[in-house]
Amino acid sequence: MAKAFSPGHITGFFEIPYGSYSHFLHKGSKGAGFSIDRGISTTAYVYESATTDYQISINGVRSSNVDVSKWVVEEYLKLADRPYFVNVEHDIGIPVGFGLGSSGAAALSLSYALNEALDASLSRTQAAQIAHHAEIACKTGLGTVIAEFAGGFEMRTGAGAPGVGSVVKIDLENYYKAVVLCLAPISTKSFLTNMMDEINGLGGVMLSKLSKSRSVDEFLRMSHEFAETLGLTEGKCKEPIAALKALGIESSVALFGQTVFTLVPQTRSKQARDALKGFGGTLLVCNVDSNGARVL
Ligand SMILES: Nc1ncnc2c1ncn2[C@@H]1O[C@H](COP(=O)(O)OP(=O)(O)O)[C@@H](O)[C@H]1O
Ligand SMILES: CC(C)(COP(=O)(O)O)[C@@H](O)C(=O)O
């Protein structure tokens with residue numbers, strides 16, 4: 001038995017580099033975002049068995065809508081030298097499908113847990129690459145795994161899996177709180193399948209600007225512009241964004257969900273939280289996780 005944790009993650013803006021790379025290690029996105037101290041803890045139980053099989057549950061309930069997790073388990077079972085029965089328990093502290101990187105966190109925490117439980121002897125980077133591969137194969141994410149692997153408020157300056165892509169962290173020194181209002185889900189798969197052309201170009205320009213300013217406020221302003229371009233700041237997110245703006249607090253929409261987020265200095269977190277009450281949904285106030293995914 002082994003257990004691992006991966007933080008959730010919010011992307012503010014991103015870009016999918018055009019290129020000739022077809023290998024999964026080189027696929028991904030550049031962009032900027034931050035990891036949060038709420039995420040997914042996964043426990044993997046492994047038993048030697050006459051036949052290979054597995055089951056996956058989320059918060060105690062057996063689940064079939066877990067493509068990414070299935071992909072990771074099957075990859076480890078292929079690597080194993082004998083048949084096993086694997087029981088996976090995801091303990092999910094973030095809503096699924098709201099742009100908080102749940103699929104990446106499920107894949108990454110599961111890959112770390114299975115590496116330990118099966119004594120697969122992969123390095124942390126290799127185990128994280130399996131999680132990245134799962135996200136790419138299932139079309140549930142591009143840069144989420146490398147971001148959750150690194151933790152912190154990050155700029156992903158080179159696309160790719162952990163060990164291949166590059167991440168530069170901006171130190172927030174615990175002065176900031178993330179205030180996040182989850183209103184409705186958006187399927188990352190459908191967005192990535194249908195909206196690719198709308199996405200490209202802008203994210204790279206924003207990343208260059210952020211590399212120079214390293215400013216949270218500029219990150220939030222540019223994230224808002226990015227989300228606006230995709231039409232995500234309309235609908236359910238419009239009024240909560242306006243309520244924060246009335247207090248002088250910049251915010252945006254987490255990619256991809258109908259989820260309003262901001263980063264505020266600790267002293268303003270109560271104000272931000274109060275402004276977001278009354279819109280329904282699930283309100284989270286959390287810290288930025290600066291450590292990244294880990295075995296527990
Ligand atoms: N263990 C898991 N927990 C949550 N979602 C999972 C898990 N494994 C696979 N998934 C898949 O990932 C999808 C959510 O991915 P995505 O739309 O990227 O959401 P998020 O923005 O939360 O990452 C789910 O619909 C499900 O098919
Ligand atoms: C924005 C997204 C493509 C998806 O993120 P999520 O919906 O949270 O899985 C992310 O992986 C990224 O590349 O920045």
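This report walks through the fold of one protein chain, its two domains and the surroundings of its two ligands. Keep in mind that you're looking at a predicted model.

**The whole chain**

Let's start with the big picture. The protein chain is built with ten helices and twelve strands. Its C-alpha atoms fit in a box of roughly 65 × 45 × 35 Å along the principal axes. Is that what you'd expect for a compact globule? A chain of 296 residues would then have a radius of gyration near 19 Å, and this one has 19 Å, so the two agree. As for packing, 49% of the 296 residues count as buried. If you take contacts between residues at least 6 apart in sequence, 76% of them join residues at least 24 apart.

**Two domains**

The domain assignment splits the chain into domain 1 (2–168) and domain 2 (172–287). Their centres, taken over C-alpha atoms, are separated by 23 Å. Where they meet, 25 residues of domain 1 are in contact with 36 residues of domain 2. On the domain 1 side, β1, β2 (30–48) and β6 (153–158) each give two or more residues, and β2 has the largest share, with seven residues. By class, that side of domain 1 has twelve nonpolar, eight polar and five charged residues.

UniProt also has something to say here: an unreviewed entry places the feature "domain: GHMP kinase N-terminal" at residues 86–147. Over that stretch the chain is 56% helix and 11% strand, with the end C-alpha atoms 27 Å apart.

**Around the ligands**

Which residues come nearest to ligand 1? They are V68, S102, S103, A106 and T188, out of 22 residues around ligand 1. The elements giving two or more residues to this shell are α1 (67–79) and α2 (102–117).

Ligand 2 is surrounded by 17 residues, and the closest are T11, S29, G141, L142 and G143. Here β1 (2–15) and α2 each supply at least two residues.

Here's how the two shells break down by class:

| Shell | Nonpolar | Polar | Charged |
|---|---|---|---|
| Ligand 1 | eight residues | 13 residues | one residue |
| Ligand 2 | five residues | twelve residues | no residues |

Now back to the domains. The shell around ligand 1 draws at least three residues from each of domain 1 and domain 2. For ligand 2, the shell likewise takes at least three residues from each of domain 1 and domain 2.

Terms used
Residues are numbered from 1 along each chain as its sequence is written. Chains are lettered from A and ligands numbered from 1 in the order in which they are written. This is a predicted model: local features need pLDDT of at least 70, side-chain atom pairs count only at pLDDT 80 or more; totals for chains, interfaces and linings use all residues. A residue is near a molecule or strand if its C-beta atom, placed from the backbone, lies within 6 Å of it. Helices (H or I, at least four residues) and strands (E, at least two) are DSSP runs, numbered from the N terminus. Ala, Val, Leu, Ile, Met, Phe, Trp, Tyr, Cys and Pro count as nonpolar, Asp, Glu, Lys and Arg as charged, and the others, Gly among them, as polar. Domain bounds come from an automatic or database domain assignment. UniProt positions are given in the numbering used here, feature names are shortened, and annotations may be inferred rather than shown by experiment. The radius of gyration is taken over C-alpha atoms; the globule rule is 2.2 Å times the number of residues to the power 0.38. A residue is buried if 20 or more other C-beta atoms lie within 10 Å of its own, exposed if 12 or fewer, and partly exposed in between; C-beta atoms are placed from the backbone. Two residues are in contact if their C-beta atoms, placed from the backbone, lie within 7 Å.
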